[in-house]
Amino acid sequence: MNLNRNIDPSHEMFILNCARINIGPVIAFRLVKEVVGGYSNIGCTAVDFKNFIQDLKAYAVGVDAQMMLDKMSKRHELCSDFTFNYEVNKDDQLRCVFWADPTSRRNFSLFGDVLSFDATYKTNRYSMIFAPFTGKDNHGKLMTFGAALMSGEDAESYSWVLQKFKDCMGGSPSLIITDQDLGLKVAVRQVLPDTMNRLCMWHIMFKVPDKLPVHIRRNETFMKRFLRLKSNLVEFLMNFDSALDTQRHAHAYLDSIDESSLPQLKTPFAFEKHASTVYTRNKFYEVQKEIEDACYVCRICNISENDSVAILEVKDGFGATNKVVHNKVDESTTCSCLKFVRDGILCCHIFTLFKDLKLQSIPGKYVVSRWMKSSLINEAGALLGDRCFLLEENKIVTNQLIFEFYACLFVAEGDSSKMSVLLKSLRELREGFFSSDIEENTVSKKSRLFSNFYGLCAPSEVEVHPPEFVKTKGSASRKKSKEEARAERTKKPRRTCKMYGKKANHDSRNCGKKK
């Protein structure tokens with residue numbers, strides 16, 4: 001690896017931090033320009049940034065599969081509840097790998113009744129299939145329960161991944177949503193016999209390129225970036241961790257909103273106030289809309305009742321009339337619209353009945369636990385712990401140093417005397433560090449940069465090799481849609497048709513006017 005000596009050590013650290021969150025060297029170069037106050041103060045070019053990160057990544061070629069497994073093994077040592085399994089072929093090449101942390105397992109125990117298993121992503125240089133297990137949390141947002149990488153789309157690979165997921169989670173979902181792959185259908189039937197399997201509507205419809213507007217498909221830069229996400233395996237794991245951390249941060253943020261405030265009420269009904277205290281904010285807004293309709297839009301057209309049952313015909317804002325049946329014996333209520341069965345929240349028709357009955361709260365049997373606030377949900381997975389800290393000690397200290405630096409800079413900014421003191425102190429520290437260290441040779445510097453970026457040193461022995469390039473089922477040439485074909489024809493330079501006498505997308509040989 002040829003290290004560019006024009007790049008300052010502070011720039012090296014900045015480039016590596018940007019690369020960890022998938023920010024490229026060109027954008028990183030522009031960010032450095034903003035920080036130091038101009039391109040002339042950087043001391044190198046964007047090409048130097050690009051060459052630096054390319055050389056660093058090239059150092060992992062051929063050992064990235066072993067590095068990814070070493071990284072997972074280290075996590076298991078730090079946290080025994082972190083689970084990962086892998087399988088190799090006869091040539092010791094990685095075939096399948098599955099992993100999940102304790103937080104994912106706990107989340108599955110709370111929200112894993114319905115999940116999606118999508119095996120259509122190819123986000124690494126080997127085109128291994130990335131298959132995440134995802135569901136919805138109590139805020140209605142996506143939540144990841146585990147993930148796998150596979151080198152094949154056959155029933156055997158799918159069965160291996162599903163079995164490892166089932167063993168890890170200690171149970172099966174009630175419903176799994178998949179694509180239309182025949183091998184996956186066979187695997188679900190074998191490994192999850194008690195789980196209902198349904199097809200994803202997205203896969204039944206056209207694929208992504210067919211669904212994008214024509215003006216976006218014509219944007220070559222967008223399509224090139226859309227189709228390129230080709231990282232090595234250990235980089236892929238780092239990007240996955242970053243995305244997972246963002247997802248969980250969003251969940252924690254929504255939890256904090258639920259606990260710190262209550263939404264504004266829009267009706268005089270007591271059961272609306274009760275709903276605001278039990279449902280998450282996002283789900284409450286859906287319930288509130290139904291309560292509003294019950295208050296201001298819906299009306300009872302007809303009532304028939306006896307000693308045990310009352311039947312109401314309720315007309316809603318769409319002009320539809322639905323039948324609400326209330327059992328007086330067991331206090332159960334059903335509606336012909338089946339919204340509660342489908343979405344887990346009551347419809348405006350049933351709330352119209354509750355208004356008539358003057359209920360003060362929503363009966364407990366109609367408050368589904370998966371839409372309740374996190375503090376109210378039964379902690380079914382409490383034994384696994386809320387979180388498993390996997391940060392090494394030096395990484396924690398690094399984060400603290402960065403925080404302290406920016407805190408000092410914030411206080412000193414605008415005060416020239418304080419800024420001068422801070423700058424002088426930092427320069428003295430830097431000079432002292434450099435003078436006390438022996439000149440670092442190329443090999444040791446290469447090893448240091450490598451371990452800083454990937455979080456571990458390059459393996460001395462490689463037992464598991466990366467796979468060959470995987471040719472997936474969807475990688476062959478496909479028939480282009482009419483929209484794509486039309487868009488490609490419009491890109492071609494227009495020619496002069498002698499038969500037509502004007503510029504067109506044809507010539508005299510295939511002109512429509514030619515007899």
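The questions and answers below concern a predicted model.

Biologist: How many salt bridges does a search of the whole structure find?
Modeller: Side chains of opposite charge can pair when their charged atoms come close. Here a pair counts if a side-chain nitrogen of Lys or Arg lies within 4 Å of a carboxyl oxygen of Asp or Glu. Searching the whole structure on that basis gives a total of eleven.

Biologist: Which residue forms a salt bridge with Glu 87, and is that residue buried or exposed?
Modeller: Glu 87 itself is partly exposed, at 26% relative accessibility. In its salt bridge, the closest N and O atoms are 2.3 Å apart, and the partner is Arg 95. Buried means under 20% relative accessible area. At 16%, the residue that counts as buried is Arg 95.

Biologist: In the salt bridge of Glu 34 and Lys 33, which residue is exposed?
Modeller: The two side chains meet with N to O at 2.5 Å. Lys 33 has a relative accessible area of 19%, so Lys 33 is buried. Exposed means over 50%. With 56% relative accessibility, the exposed residue is Glu 34.

Biologist: Why can Lys 339 and Asp 343 be described as about one helical turn apart?
Modeller: Their salt bridge has its closest N and O atoms 3.0 Å apart. An α-helix has 3.6 residues a turn, so residues three or four places apart point the same way. Lys 339 and Asp 343 both belong to helix H15, and their separation along that helix is four residues.

Biologist: Which residue is linked with Lys 339 and Asp 343 in a network of salt bridges?
Modeller: Lys 339 is buried at 15% relative accessibility, while Asp 343 is partly exposed at 29%. The network that links these two has one further member, Arg 342.

Biologist: What accessible area do the residues of the nonpolar patch on the surface have together?
Modeller: Helices H17 and H18 each supply at least two residues of this patch. One of its members is Phe 405, which lies in helix H17 and is partly exposed at 34% relative accessibility. Taken together, the residues of the patch have an accessible area of about 660 Å².

Biologist: Which helix gives the most residues to the largest nonpolar core?
Modeller: In soluble globular proteins, nonpolar side chains tend to be buried together. The largest nonpolar core here has 59 residues, and those touching the most other members include Phe 117, Phe 133 and Phe 351. The helix that gives the most to this core, with seven residues, is H6.

Biologist: Which helices do the buried residues of H13 pack against?
Modeller: Helix H13 covers residues 270–278, and its buried residues include Phe 271, Ala 275 and Val 278. Phe 271 is in contact with Phe 351, a residue that falls within the span of H16, 348–357. Overall, the buried residues of H13 pack against H14 and H16.

Biologist: How many disulfides does the structure hold?
Modeller: A disulfide needs two cysteine sulfur atoms within 2.5 Å. For Cys 348, which is buried at 7% relative accessible area, the closest cysteine sulfur is in Cys 298, at 3.5 Å, and therefore too far for a bond. Across the structure, the number of disulfides is zero.

Technical notes:
Residues numbered from 1 in each chain as written. Predicted model: local features only at pLDDT ≥ 70, side-chain atom pairs only at ≥ 80, totals over all residues. Heavy atoms only, no water. Buried < 20%, exposed > 50% of the residue type's maximum accessible area, 1.4 Å probe, protein only. Patch = residues over 30% accessible without salt bridge, like charges linked within 9 Å, V, L, I, M, F, W, Y side chains within 5 Å. Areas by Shrake-Rupley, 256 points an atom, 1.4 Å probe, with all protein chains shown as cover. Contact = heavy atoms within 4.5 Å. Core = buried A, V, L, I, M, F, W, Y, C linked by side-chain atoms within 4.5 Å.
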